[in-house]
Amino acid sequence: MIFITAKFRVLPEHADAWPEITREFTHATRDEPGCLWFDWSRSIDDPTEYVLTEAFRDDEAGAAHVQSDHFTTARRTLPPHLVETPRIVNVTVDQDDWSRLGEMAVPQQD
């Protein structure tokens, strides 16, 4: 799968509205057949920073995402709300879901 994490620094006056600003883009991406997940989180240290964690089934699904109409629209509509170009980590990994964090295993509950 293609695993991507991106940090978005949002202008302070738009930070609280960011979930609404990205709502259509988020829902359209989640509806893509090759999207495994597309989740936003807000930094607890910097309320203007949002972290996007996303994954796509394979290169074909990733290409379909960046060629989609909603991605094209987001490229035009999201940057005016940002302080800077988002930072990204993009890797291909040999798995198709989250792994368990063994170092913090929760004992089985009966």
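**Figure 1. Meet the whole chain.** Helices (at least four residues) and strands (at least two) are DSSP runs, numbered from the N terminus. With that in hand, you can count four helices and four strands in this protein chain, which is a predicted model. Walk along the sequence and you'll pass them in the pattern β-α-α-β-β-α-α-β. Put a box around the C-alpha atoms, along the principal axes, and it comes out at roughly 50 × 35 × 25 Å.

**Figure 2. Inside, outside and charge.** Of the 110 residues in the protein chain, 31% are buried. The accessible surface adds up to about 7,700 Å², and carbon and sulfur atoms hold 52% of that. How many positive and negative side chains does the chain have? There are 10 positive and 21 negative ones, and the centres of these two sets sit 5 Å apart.

**Figure 3. Four strands, one open sheet.** Look for the strands in the order E2-E3-E1-E4, paired in the antiparallel sense. E2 (35-42) and E4 are the edge strands; each has a single partner, so one side of each is left without a neighbour in the sheet. On average, neighbouring strands here are turned by 10° against each other, if you ignore direction. Contacts also link distant parts of the sequence: among those with a separation of 6 or more, 73% join residues 24 or more positions apart.

**Figure 4. Zooming in on E1 and E4.** Strand E1 (residues 2-9) pairs with E4 over six bridges, and the two are antiparallel. Two facing pairs are handy landmarks here. Phe3 stands opposite Val91 in E4, while Thr5 faces Val89 in E4. As a rule of thumb, side chains in a regular strand alternate between the two faces of the sheet.

**Figure 5. Strand E4, out in the open.** Why does strand E4 (residues 87-92) lie largely in the open? Buried means under 20% relative accessible area. None of the six residues of E4 is buried, so the strand is largely in the open. Recall that E4 is also one of the edge strands, with a single partner.

**Figure 6. Helices across the strands.** Which strands does helix H2 (residues 23-30) lie across? Helix H2 lies across E2 and strand E3 (49-56), and runs at about 155° to E2. Now find helix H3 (residues 59-66), which lies across E1, E2, E3 and E4. Its angle to E3 is about 130°.

Technical notes:
Residues are numbered from 1 along each chain as its sequence is written. This is a predicted model: local features need pLDDT of at least 70, side-chain atom pairs count only at pLDDT 80 or more; totals for chains, interfaces and linings use all residues. Side-chain values use heavy atoms; hydrogens and water are left out. Buried means under 20% relative accessible area, exposed over 50%, partly exposed in between (1.4 Å probe, protein chains only). Two strands pair if DSSP finds at least two bridges between them. Contact means heavy atoms within 4.5 Å. Accessible areas come from the Shrake-Rupley method with a 1.4 Å probe; for residues, only the protein chains shown count as cover. Lys and Arg count as positive and Asp and Glu as negative; His and the chain ends are not counted. The place of a charge is taken as NZ of Lys, CZ of Arg, CG of Asp or CD of Glu. Axes are lines fitted to C-alpha atoms, for helices over the stretch in contact, and angles run from 0 to 180 degrees between N-to-C directions.
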